[in-house]
Amino acid sequence: MRFLICIKQVPDSTTRVKVAPDGTSIVSDGVTWSISPYDEYAIELALEHKDTAPDTVVSVVTVGGPRTKDALRQALAMGCDDATFVSGEGLGPLGIANALASAVAELKPDLVLCGKQASDDDQGFVGPALAEALGWPHLSQVTRISSSSPGLEYWKETEGGHEVWTAAGPVVLTVQKSAKDPRYPSLPGIMKAKKKEIPERPATGLDDPVKIEIVKLEPPPARGAGMIFKDGDTKAFAQQLATLLRDEAKVL
Amino acid sequence: MTPPTIGIGQAVLALLAAIGFGAGLWRLVHLFRLMRIGRADPERWGRFGRRILDELVIYLGQRKLLKRPYSIRGIAHAFIFWGFLVIVAATTELLVSGISGGRHLPGATSGVFAWMLDGLSLLVLVAIAIAWARRLLFAPPHMHVAGQGYAILALIAVLVVALFAMEAGGVAAGRVEAGAAVPPIGAAVGPLVPASLAFALFAVGFWTHLGSTIFFAAWLPRTKHLHIVTTLPNVFFRSPRPRGALRFVDKIEEQETFGAATLRDLTWKQQLDGLTCTECGRCSDNCPALATGKPLDPQKIVLDLRDLLLREGDALLRDPKATGTAPAHQLATKPDELWACTTCAACVEQCPVTIEHIDKIVDMRRYLTMQEAAAPPEAQRAMTNIERAGNPWGEAVGTRGDWAAGLGVPTFAEKPDAEYLYFVGCAASFDRRNQRVAKALAKILQAAGISFAILATEETCNGDPARRMGNEYLWQLQAQQNIDTFGRYKVRKIIASCPHCFNTIANEYPQLGGRYEVVHALQLVQDLISEKKIALGAGATETVAYHDPCYLGRHNGIYDDPRAVLDAIDGVTRMEIEPHHRERGFCCGAGGGRMWMEEKAGQRVNHRRVEQILAAGDARGGRPAKVASGCPFCLIMLDEGVGAKGIAEELKPVDVLELVAARISA
């Protein structure tokens, strides 16, 4: 059985993102790039399944510029079996979904996994769009895959619980954060990933019919200075605090 | 004395000696072959001057046996040992004269030797009494007290008493040759021996002494008393690395396997460690993990590996391809034991025979982390954070220098000719509590007019947590990145306020070619005070306990500078956390990467440490107002400890640097 995970390279959550002078992009200098966290959870779900069913092949694919190959190497180091790089820059989410769909057509996986959304733009668009492009069913918020006979069960997180789904044919899953953190690669895994061939294919002949244009990026407003009451009359503090919460913060 | 062996006696003695010593030697050769199952270990050769000095101090001088709190039993052991050396000479002499029928070794008939022998032998009897009493009445908690120990002590007592009997009988029977010294005990007791029994006593003493010695020779290599032999090489071949430096893995990218999974992955010296262990339990007595109910027991790690070697070694010898043994996490030393270690070196410090516990634990961690990717999840997260953010907490790289905003602290980019690099470290860069320590040091350095700069966002984690979690690869990447940055700015002198940064840059970066003059901030501050480059103003009178950080104290021997700094602060009375101070300092629980791992089993190490501080205060009639340290992790752990105990107001954890900075007028 072949699992294909679609991943996106994003600025790492520990990077402090700065808006570029053009006002519509970010400064990429000094940014640490990593796999989007939900995509990492998707990889972990697939690898966990492979741990119990060793005949599973876990493939990984990304669409982007040359730099995004590093994300594929990272996924290989974690234990993915092969990686495909689809070269295409400046595509919108629908264009990316289409590019991925053609990769799916070629790689013929039995199951496709995506993170539920990327941590940079948080659109949550590509997974469902890919399902649409493939004509496959889509299940969101998946936190667990378990084996049943026949086939697999997909655990979808719901408010305060979960639903268990099965599918007759191939399906696109978008993955939610689950209890098990993505694994840290072994050193032999890292070394093997360095040497692995990553086949490249262009994302050509694909329409990106709905262009999304970023009009403006701006950082969130700086947090104001706090205020500390100390060494004094508690009662007066409480009164002052209540006044501030009502008049300044307007939360009461 | 003329031996009681004439004719047939000589032959019988020669035969017995050949059998006994042959059996002992046979066993030793076998153990030697087992030891050689371990892989090569190039660092064990060379530096002979230091190795010989070690033998004089540690083996002959018994230095490590005399440590607190073992001094009395240590002295007892030393006398048994020194007595044994002289008795061995006497026994050899008796064997030679017994087999040859009366020839003596040079010097054997001298008065000096006779007095030495009898004097030390008497002390051996006293020491054996102490050793027996200790086992029976107040055995150390982690010593393996077994019948074997009693038996060996009894055997030594027998051979000493037999020696005395032989001397007394010999003197009475007139066996002392003309010109030979009369042994003092023989001279004293001899006249009391009835003439009719004199020869019998002499002969029985002679044969009992030699018989028990020959039996001892055959039996010894099959007991833990093998250490009498193995300590000699174990001390000789001990690691020449600074204690704080872990073993370097050269050309790591070309290796196929990592760390110690099987007996074959341990080095021969690590096998010798096991064969040298005396089961005295001093390592375990002092282990903070074991003391607080963790599954780790350092003595057990050493003995598990030894037992595995004795159990499976033969099979490995028969089949050179067999890996035979289970991987590290299948051993009796389970991963939880390995992960509980704080690498505080209390075990290494105390071991009388220089066993290297931390190296073994880290080698097995290396296997778990690098080969199997099986480090605990929290450790994996910390390593991911180091990789991506350059700090184990995963704080934003870009904020690394923010603590210094508005303080007039330049970066190296701004001040490339700065004399010192202040390597701030992750804790002081990102942890709010420790940022105050960095600010305190900056203030002190500025007051003293020291030319220094920081690297701010160009600094990255020194790699210490990763290396101690077993991730040698990540350590090398981090270290190389810093070394490259240091090189770019031609950094030569480094100040670290964190003992872990200090230790790894001073002791481990040279493994990658990074050699700098590294000082811990408290060493530098001590110099600044004694050279009167900073003046400390008056302040409140208070008692401050000093907590020794492991990587300052035990790993680097820096005990006195921080104390001298405290003593130089007007009004501060320094308190020692007795008896857990200096080389017996108790870890805060954060070393070895434990800072980032959960602590579920037993009591938290830092809580125990706070209890020790309070107890030491009570014992001297007054609790301290503050506990000062020189390590950001100790500070975090002590802060948590006093908070959990609800005494944050009564006992304030601080860094010594903060106390100093508070006395400098801005």
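Select helix α3 (residues 93-107) of chain A in this predicted model. Helix α3 lies across four strands of chain A, namely β1 (2-6), β4, β5 and β6 (111-115). Relative to β4(A), the helix runs at about 150 degrees.

Next, select helix α2 (residues 69-78) of chain A. This helix lies across β4 (57-64) and β5 of chain A, and its direction is at about 170 degrees to β5(A).

Now display the strands beneath these helices as a sheet. In which order do the strands of this open sheet follow one another? The nine strands of chain A are arranged as β9-β8-β7-β10-β6-β1-β4-β5-β11, and their pairing is mixed. At the edges, select β9 (161-165) and β11 (200-202) of chain A, each of which pairs on one side only. On average, neighbouring strands of the sheet are turned by 35 degrees against each other, direction ignored.

Remain at the edge strand β11(A) and add strand β5 (residues 82-87) of chain A. These two strands pair in the parallel sense over three bridges. To view a bridge, select S87(A) together with P202(A), its bridge partner in β11(A).

Select the whole of chain A. Chain A contains six helices and 11 strands, and its C-alpha trace spans about 70 × 45 × 40 Å along the principal axes. Of its 252 residues, 35% count as buried. Among contacts in chain A with a separation of 6 or more, 71% are between residues 24 or more positions apart.

Proceed to the place where the two chains touch. Here 15 residues of chain A are in contact with 22 residues of chain B. Which helix of chain A gives the largest share of its side? Select helix α5 (residues 187-195) of chain A, which supplies four residues. The chain A side as a whole comprises five nonpolar, six polar and four charged residues.

Cross to chain B and colour it by domain: domain 1 (8-236), domain 2 (252-262 + 279-371), domain 3 (377-529) and domain 4 (530-662). The C-alpha centres of domain 1 and domain 3 of chain B lie 54 Å apart.

Finally, select helix α15 (residues 357-371) of chain B. From its first C-alpha to its last, this helix of 15 residues reaches 21 Å, close to the 21 Å expected at 1.5 Å a residue. Why is α15(B) described as largely enclosed by the rest of the structure? The reason is that 15 of its 15 residues are buried. The tour ends at A373(B), just after α15(B), where phi is positive at about 50 degrees.

How values were computed. Residues are numbered from 1 along each chain as its sequence is written. Chains are lettered from A and ligands numbered from 1 in the order in which they are written. This is a predicted model: local features need pLDDT of at least 70, side-chain atom pairs count only at pLDDT 80 or more; totals for chains, interfaces and linings use all residues. Two residues are in contact if their C-beta atoms, placed from the backbone, lie within 7 Å. Ala, Val, Leu, Ile, Met, Phe, Trp, Tyr, Cys and Pro count as nonpolar, Asp, Glu, Lys and Arg as charged, and the others, Gly among them, as polar. Domain bounds come from an automatic or database domain assignment. The expected span of a helix is 1.5 Å times one less than its number of residues. A residue is buried if 20 or more other C-beta atoms lie within 10 Å of its own, exposed if 12 or fewer, and partly exposed in between; C-beta atoms are placed from the backbone. Two strands pair if DSSP finds at least two bridges between them. Axes are lines fitted to C-alpha atoms, for helices over the stretch in contact, and angles run from 0 to 180 degrees between N-to-C directions.
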